[in-house]
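I'm opening a fresh page for this one. Notes below are in the order I looked things up.

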Amino acid sequence: MAKNYRYCPYCAADLVEIYRFDQIRPVCPACGFVQFQDPKVAVIALVIYEERVLLVRRGVEPAKGRWALPGGYMDADEMPAAALQREIAEEVGLTIQLDALIAIYPMTNGEGQPIGIVLAYAASPTGLSTIITVGDDVAEAGWFGPTEIPDDLAFESTTTLIGVWRERLSSTKNSDPRRHIKRHEVD
Ligand SMILES: [Zn+2]
């Protein structure tokens, strides 16, 4: 949970913590402002191109220096697709389209307390180029094949989603008889 305000953000009066709308909440006795703890909402994408997934090495906390799926927080006036398109354009200079909602994960803070939700989408590049340029909040970025995934992944959701993608990829290959034979020859 975010910290409670001590002063009213509208009229600067001291807030009092009283029971309102089923919970103890900071309330302004002067103007009636009530501080609600709204959930934070983030969007992340499994961007796939030719059996490779787009990963970014984070340039900011949390999990600075570790590899994650691209994405970020939604602004109040955005829908998820617009938020992801904005974040991915800022982080790696790619234009993408959303293909499907994969899962919704809880978002926790550093102490493991729930603070919001993370919407995870499957996406694909729509531009002519899949060349990535490193931008805001990102130290490095690249396309990774299923056997090239870095060990130092940022979040539990990163590991889970990459696992889901690799499983789908290998089950698709196993269902194709030619691929199946080739796989065993290689092994
Ligand atoms: Zn007030």
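**Domains and strand pairing**

I started with the overall layout: the C-alpha centres of domain 1 and domain 2 lie 34 Å apart. The domain assignment puts domain 1 at 1-37 and domain 2 at 40-161. Note to self: this is a predicted model.

Next I went to strand β8, residues 114-125, and asked which way it pairs with β3. The sense is parallel, with 8 bridges to β3, residues 40-49. I picked out one bridge there, and A42 has V118 as its partner in β8. I then checked β8 against β7 (residues 96-108), and that pairing is antiparallel, over 11 bridges. On this side I noted L101, whose bridge partner in β8 is Y121.

I also looked at the hairpin joining β7 and β8, where 5 residues sit between the strands. G112 in this hairpin has a positive phi near 80°.

**One residue of β8**

I115 belongs to strand β8. Is I115 buried or partly exposed? I count it as partly exposed, because 16 other C-beta atoms lie within 10 Å, and a residue needs 20 or more to be called buried. I also checked I115 against P39: they are 76 residues apart along the chain, yet their C-alpha atoms are separated by 5.7 Å.

**The core**

I then pulled up the largest nonpolar core, which has 29 residues. The members touching the most others are V43, A45, L46, V47 and L84. At least two residues each come from β3, β4 (52-58), α1 (80-92), β8 and α2 (156-175). β3 gives the largest share, 6 residues. For background, nonpolar side chains tend to be buried together in soluble globular proteins.

I took V43 as my example and skipped its neighbours within four places in sequence. Its contacts are G71, M74, P80, A83, L84, L119 and Y121. Y121 is the residue I had already met as the bridge partner of L101.

**Helix α1**

How far apart are the end C-alpha atoms of α1? They are 18 Å apart, and this agrees with expectation because 13 residues at 1.5 Å a residue should span 18 Å.

I listed the buried residues of α1 as A83, L84, Q85, E87, I88, E91 and V92. I reminded myself that residues three or four places apart in an α-helix point the same way, since there are 3.6 residues a turn. The buried residues of α1 pack against β3, β4, β6 (71-73), β7, β8 and β9 (138-144).

Last stop was G93, which follows α1 and has a positive phi, near 70°.

Methods. Residues are numbered from 1 along each chain as its sequence is written. Two strands pair if DSSP finds at least two bridges between them. Helices (H or I, at least four residues) and strands (E, at least two) are DSSP runs, numbered from the N terminus. A nonpolar core is a set of buried Ala, Val, Leu, Ile, Met, Phe, Trp, Tyr and Cys residues joined through C-beta atoms within 7 Å. A residue is buried if 20 or more other C-beta atoms lie within 10 Å of its own, exposed if 12 or fewer, and partly exposed in between; C-beta atoms are placed from the backbone. Two residues are in contact if their C-beta atoms, placed from the backbone, lie within 7 Å. The expected span of a helix is 1.5 Å times one less than its number of residues. Domain bounds come from an automatic or database domain assignment.
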